[in-house]
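Reader: I should like to go through the terms applied to this model and hear the reasoning behind each of them.

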Amino acid sequence: MPGPSPGLCRASLGLWAALGLGLLGLSAVAQEPFWADLQPRVALVERGGSLWLNCSTNCPRPERGGLETSLRRNGTQRGLRWLARQLVDIREPETQPVCFFRCARRTLQARGLIRTFQRPDRVELVPLPAWQPVGENFTLSCRVPGAGPRGSLTLTLLRGAQELIRRSFAGEPPRARGAVLTATVLARREDHGANFSCRAELDLRPHGLGLFENSSAPRELRTFALSPDPPRLAAPRLLEVGSERPVSCTLDELFPASEAGVYLALGDHRLSPEITLEGDALVATATATANAEQEGARQLVCRVTLGGESRETRENVTVYSFPAPVLTLSEPSAPEGKVVTVTCAAGAGALVTLDGIPAEVPGQPAQLQLNATEDDDERSFFCDAVLEVAGETLSKNKSAELRVLYAPRLDDSDCPRSWTWPEGPEQTLRCEARGNPTPSVHCERPDSGAVLALGLLGPVTRALAGTYRCTAANVQGQAVKDVTLTVEYGPSFEEPSCPSNWTWVEGSGQLFSCEVDGKPEPSVECIGSEGTSEGMLLPLASSDSNPRVPSISSDLAPGIYICNATNRHGSTVKAVAVSTESPPQMDESTCPSHQTWLEGALAAALACDARGRPSPQVRCSREGVPRPQRLRVSREDAGTYHCLATNMHGTDTRTVTVGVEYRPVVAELAASPPGGVRPGGNFTLTCRAEAWPPAQISWRAPPGALNIGLSSNNSTLSVAGAMGSHGGEYECAATNAHGRHARRITVRVAGPWLWVAVGGAAGGAALLAAGAGLAFYVQSTACKKGEYNVQEAESSGEAVCLNGAGGGAGGGSGAEGGTEAAGTAEEQAGGEVFAIQLTSA
């Protein structure tokens, strides 16, 4: 709250000092007995700090005086009845200095009390264990050495920002210093990674000082839980040299599983596992590969370590060597009549069997011989080997095939002497021969050299009819055979080449394709028979892709067309249903490029449609931020929208600009300058409105207000040389096609100050009355300094005092909960001070 001027304050203090000295002189003569005084009597000083003590007496003529203390002194000042001394580097928790004077053969004494305090500069939290098991207690201990007095000290142990325990040491002796706080805490899972700290608070506010706080460095706690059960190890009992087998190690009830270490090894060979975490379970998988040096019994070890503890599992694995058996044929490809020897062999210790006949003893091969015939071609031989390892029987096998070479054979079952087929259906002509190597078969007409496409699927036509000579040949020889092909056929339409239903897409230029199978090639003509297409000729695509055939450039009439195919062997007809469709199309008539909405109206979709068959689907989306779902239109819905029309024949796009119009709102009505104004001074009113289309600004001024200037867009009203007639209510109105909105502001001109001069007077009672009157005058006029407060036009509150007891700085609330402007007029020597106070009506 602003007070009186500095000059007035100094006058008041001088008045009180003169009055005090006068009264002191009177009391020194009148009072008995004499006394000694020590100021301050009780003091609280920071440890190592300094303090001035003032020792005084009312004895008119003391014989001598002094200040007794064990503290270090830095300087002394003396007078007739007083002594001031500076005490420095005060470190004792508590001392009692004594002030004394010798007066009229008596010793006058005053005893004081000086206590020191020390801030909590060191707050230490005892280190936490490296790992703490979940469910077990651990100790938090906080130490604050030297801080005090302890009775004003409070210690708090925290987990993050959560207080665990808080202890105040109130009631401790004043000389007590330093403190220790210890708590036992149960470790939990959620404590893993949590920071623990200690906060110390030395509260000296009751002694006129502040609150001193400090905290220890945070310490992170790491908690863990490790299952008492060993890991589960999944591994093969047997591992063949050179083979790879997966092994896995699993341990449940592990926390935090991500910080566990895994050691996985086969014998002295450490594996590189891949770790997978599933909640509190850990799965380590690796691939074990054995070499010849590891052959024999080995141990597979899995050890999981967490928090300095570990769990281990071991499994026995036998590494063995068992090569596959070897099966050999003396002649893998033997000509017919050749003797072939077959041999089956395996490694030491394995027993082999060839086509069910075992060898005499393990480690020896098995053999058989045969004279190759046509029946032995592609005969398979099987070699089995059996080996016992660690109580298990293992087996491997090998197979081989014998090829017997012989000349071709053309049998009636594989190559018939005569074929009779109807024309039209596709057939596969086959003439196969036996022989090794596989013979090639060639069928040719001796009279024309025409070749029969054997083994291929194709249509049967009259041109294929005739007698063919088929020859089968390989390196062993050849065979010859005559076959006769008879074809019976008639003309027909085929659906794939001339479909019964055809859809023409507008603008594609596509022609209808109708091909008819026949020899000679039939002529085809399609004429409309029903609906709008009756009597119209349907343009056809040429089978030879003749570029002179015109495309369909205009609309094609849909309907039923009758296609007639004719050659010298007869004719056939087919009905074709022709339908027309078109791709999407949007233009200004179906989807206007500029659309306007009104704020507050019910929200609706864009007015955007498309032409096309089938009917296109239209979707519109806003460019940038998606339009939120609202029940009514908002100005935030304005922007650019992209519309996409789609059907099976294509797409069409269109860009739509949406504008949102809204009624005007006077968003701001403010006065400038915020400070005071003298008669003849200037002030400006600024009005800002939000509207679309833009609003027209108009003003209404108080009657009789002259010399008012307006800016080009009427947003600013200015007054140069303010007079009393300019006081009153001003209204700013904003108008557009959707409505009108107005706000008002009031300008008031306040009266002048009256300076009051107060003269000093001698005498105790007169001076007291003058001082009290001066203080009351200063307080009562503190609200007359030039200031103003602007409130919104809709408020009915009045202006309030911004200085003094009435309002304080920023006092008074406007229509929207706060003062819009406030200021104070400046003083000038020898002149009157005026002000304006702006308030909304």
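Reader: Which strands form the open sheet, and in what order?

Author: The model is a predicted one. Its open sheet consists of four strands in the order β21-β23-β28-β27, with antiparallel pairing.

Reader: What makes β21 and β27 the edges of this sheet?

Author: β21 and β27 (274-278) each have a single partner strand, so one side of each is left without a neighbour in the sheet. On average, neighbouring strands here are turned by 20 degrees against each other, direction ignored.

Reader: How do you know that β23 and β28 are paired?

Author: A pair of strands requires at least two bridges. Strand β23 (residues 244-251) and strand β28 (residues 281-289) share eight bridges in the antiparallel sense, so they count as paired. Within these strands, E244 stands opposite T289 in β28.

Reader: Why is the contact between R222 and E259 called a salt bridge?

Author: The cut-off is 4 Å between a side-chain nitrogen of Lys or Arg and a carboxyl oxygen of Asp or Glu. For R222 and E259 the N to O distance is 2.5 Å, so the pair qualifies as a salt bridge. The pair links distant parts of the chain, 37 residues apart: R222 lies in the loop between β19 (219-220) and β20 (223-226), and E259 in the loop between β24 (254-255) and β25 (261-266).

Reader: Why are R222 and E259 described as partly exposed?

Author: Buried residues fall under 20% relative accessible area and exposed ones over 50%. R222 has 31% and E259 has 33%; both values lie between the two limits, so both residues are partly exposed.

Reader: What makes the salt bridge of R237 and E392 a tie between separate parts of the chain?

Author: The closest N and O atoms of R237 and E392 are 2.3 Å apart, which is within the 4 Å limit for a salt bridge. R237 lies in the loop between β21 (232-234) and β22 (238-240), whereas E392 belongs to strand β38 (residues 392-409), so the pair ties together parts that are 155 residues apart in sequence. With relative accessible areas of 46% for R237 and 32% for E392, both partners count as partly exposed.

Reader: Is D637, which forms a salt bridge with R630, buried or exposed, and how do you know?

Author: D637 has a relative accessible area of 0%, which is under 20%, so D637 is buried. Its partner R630, at 29%, is partly exposed. Their side chains meet at 2.5 Å, N to O. Salt bridges that share partners also join E599, R635, E668, R688 and E690 into one network. A search of the whole structure finds 47 salt bridges.

Reader: Why does K574 count as buried, and which polar contact joins its side chain to that of E495?

Author: K574, in strand β51 (residues 570-585), has 12% relative accessibility; this is under 20%, so K574 is buried. A polar contact of 2.7 Å joins the side chains of K574 and E495, and that distance is within the 3.5 Å limit. In addition, a polar atom of the K574 side chain lies 2.3 Å from the backbone oxygen of C498. Beyond its neighbours within four places in sequence, K574 is in contact with several residues, including F493, Y561 and C563.

Reader: How many aromatic pairs are there, and why is the pair of F117 and F212 called stacked?

Author: The count comes to six aromatic pairs. In the pair of F117 and F212 the ring centres are 5.6 Å apart, within the 6.5 Å limit, and the planes stand at 20 degrees, under 30, so the pair is stacked. F117 lies in strand β10 (residues 113-117) and F212 in strand β18 (residues 211-215), so parts 95 residues apart in sequence are tied together. Both F117 and F212 are buried.

Reader: What makes the pair of W131 and F224 edge-to-face?

Author: The angle between the planes of W131 and F224 is 85 degrees, which is over 60, and the centres are 5.9 Å apart, so the pair is edge-to-face. W131 lies in the loop between β11 (124-125) and β12 (132-133) and F224 in strand β20, 93 residues apart. F224 has 4% relative accessibility and therefore counts as buried.

Technical notes:
Residues numbered from 1 in each chain as written. Predicted model: local features only at pLDDT ≥ 70, side-chain atom pairs only at ≥ 80, totals over all residues. Heavy atoms only, no water. Helix = DSSP H or I, 4+ residues; strand = E, 2+ residues; numbered from the N terminus. Buried < 20%, exposed > 50% of the residue type's maximum accessible area, 1.4 Å probe, protein only. Axes fitted to C-alpha atoms, helices over the stretch in contact; angles between N-to-C directions. Polar contact = N/O pair within 3.5 Å; in protein donor to acceptor, adjacent residues only side chain to side chain. Contact = heavy atoms within 4.5 Å.
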